[in-house]
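Q: Please take me through the helix packing in this model, slowly and residue by residue. I would like to see who touches whom and how the neighbouring pieces are oriented.

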Amino acid sequence: MMKFFNSLFYKTRRITLLSLSILLVLVVWLIPGCTERKAQDGEEIVKETDNPIPDEVLLTTAINQNCKYILTEWWNGSKDIAFQDSYLPNYRPLTSEQEEENQQCIESFKHWYNESYLQIANWKNNVYSENAILPPSYACRVLSCAIHYGFYDEEATGVEKKEALKKTVLLISSLAKYHCTNSEDGWGHCWQGALWAEMLGMSALLMKDYLSDSDWGMICNMIRSECNYVINVAGVKVYKDRQSQVIEGYTGDSQSETDAWNATILALAIAAMPDDPRQSEWRKFFVELNISAMTCPSDVFSDRVIDGYSFVNSKGSNINEDGTVTNHDKWHIDYMASPIESIAESSIALSFSPENIKFECLRFNVDKIYKALVDLDLGEFDPSKAGHHFYERTKDGVATSHTNMPGDNEWGDNRQANYYLVDTYCSLIGADNNLEDNLKADKWARCRIVKITEMMKRENSGKIYQDGEENFASGQLYAMACLAQVFSLHKENIFMK
């Protein structure tokens, strides 16, 4: 009898375990965040992963608020932000012709549901190109992030997902249509064209399943042509030559951020067009640009080889030996952050490649700049700031959201999102390994998302900045795009520590 009950017990246990296993598989398949599936019959396509994100609720709430601003106030407004007086030295008021074109743009956006393509005001390649193209490209980056990763919240934004999706696709395709490869006299092939094109192209990659073949074809045309411009026209730029002499014409103006943002379009091309015969050329120049962006004077004499690049071929340097970056004739905190921001974006783009590509150049000297941001005493530059740092800490050595620099920051002193992006990337790749625990990158990142949340609560518009807080013409949408990039960094499989 005992033998019978033992046999029955073990049979019952096996059946129970089998049932639990089947139930677990069903739960994993059904619960969002555990797997990916293809949408059916126009259903929203969601990329779902289970990577944990620090302060995810704060981050996704902020991005949804940003979406609300873009889809309502920005979309329906005058878009004066794209034409406001800014840092541009040759700023001048719009001509009557440009004013008329701007008004036509406003009407086009208001009646978007009847438009095959939106009219992008002042898209021709002139003095206003940056302010006309960069803000909507940043807007695409924010919207595409929320939709692609599946956390877009129509209750928070007040805009239905269907409308948000249609507006995002329409904005992406319209900007692509007006690129100079797809329209005569269009934007692009200029000093910052690669940055605009990459922001737009990355947004398109996130939304590829919703784009028509012809629109995706225009995106690919744009990416290829901007890669050609970067390689054959822009080239590699350095601040100092191999003898550490400042290059004529670049006094007080490092080219670090330019090389780094030009590299992003190559990263996108590598990921989006893996079968293109120019892959080897793109990869080689991508490595050279990133290394150039992050090279300090002593590196040019190194015998290191990174991703096949030998420093014997180095043209010079772009960052200072102590990890600072000189721009606008200052040791400038924003230009220390900028190349890392672009390197982070390149890492995001490459994560979409069918290959598991690992570029060592995306780590090169990032720790040097980050250590300078966190731990370099500003008294070395200004005795009155002894004991202070670019990233300000409390007297007890605790991270805060405050920043500082020698001299005044002409962009404004209340930036957070760009440093949040830098902190996130440096934390993920371990560029903070040599810092004390209380100064690790995740500590600064936490301070920043909390501060951003506080800033956004001051009104209900979804904006981060209030009037007068940011001096960059595209600053509002730039900050929003940085938040979207932070989310992507956590969700995509960039190389970790």
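A: Happy to! Two residues are in contact here when they have heavy atoms within 4.5 Å of each other. With that in hand, look at N64: leaving out residues up to four places away in sequence, N64 touches F151, Y152, D153, A156 and T157. N64 itself sits in helix α2, which covers residues 56-76. Its relative accessibility is 4%, so N64 counts as buried.

Before going further, keep in mind that this is a predicted model. The chain has 497 residues, of which 59% count as buried, and it carries 15 helices and 8 strands. Among contacts with a separation of 6 or more, 72% are between residues 24 or more positions apart.

Now to the helix pairs. Two packed helices are described by the angle between their axes and by the distance between those axes. Take helix α4 (residues 129-148) and helix α6 (residues 161-177): their axes come within 10 Å and cross at roughly 140°. Because the angle has to be over 145 degrees to count as roughly antiparallel, α4 and α6 are oblique to each other. Their crossing is left-handed. On the α4 side, the contact is made by I133, P136, S137, A139, C140, L143, S144 and I147. On the α6 side, A164, L165, T168, L171, I172 and L175 take part. The chemistry of this contact comes to 11 nonpolar residues, 3 polar and no charged.

A useful residue for moving on is S203, found in helix α7 (residues 193-206). With 0% relative accessibility, S203 counts as buried. Setting aside neighbours within four places in sequence, S203 is in contact with S137, C140, R141, S144 and I172. You have already met several of these: S137, C140 and S144 belong to the α4 side of the contact described above, and I172 belongs to the α6 side. From α7, then, S203 reaches residues that take part in the contact between α4 and α6.

The helix α7 also has a partner of its own. The axes of α7 and helix α8 (residues 213-234) come within 10 Å and cross at roughly 150°. That value is on the other side of the cut-off, over 145 degrees, so α7 is roughly antiparallel to α8. The crossing of α7 with α8 is left-handed. Here G193, A194, A197, L200, G201, A204 and L205 of α7 meet W216, I219, M222, E226 and V230 of α8. This contact divides into 9 nonpolar residues, 2 polar and 1 charged.

One more helix deserves a glance, this time for its ring contacts. The model has 16 aromatic pairs. In one of them, Y370 and Y391 have ring centres 5.9 Å apart and planes at 90°, so the pair is edge-to-face. Since Y370 lies in helix α12 (residues 366-375) and Y391 in strand β7 (residues 391-393), the pair ties together parts that are 21 residues apart in sequence. Both Y370 and Y391 are buried. Ring pairs also join these two with Y419 and W444 into a cluster.

Methods
Residues numbered from 1 in each chain as written. Predicted model: local features only at pLDDT ≥ 70, side-chain atom pairs only at ≥ 80, totals over all residues. Heavy atoms only, no water. Axes fitted to C-alpha atoms, helices over the stretch in contact; angles between N-to-C directions. Helix = DSSP H or I, 4+ residues; strand = E, 2+ residues; numbered from the N terminus. Parallel < 35°, antiparallel > 145°, perpendicular 65-115°, else oblique. Left-handed = near helix turned anticlockwise from the far one by under 90°. Nonpolar A, V, L, I, M, F, W, Y, C, P; charged D, E, K, R; others polar. Phe/Tyr/Trp six-rings, centres within 6.5 Å; stacked < 30°, edge-to-face > 60°. Buried < 20%, exposed > 50% of the residue type's maximum accessible area, 1.4 Å probe, protein only.
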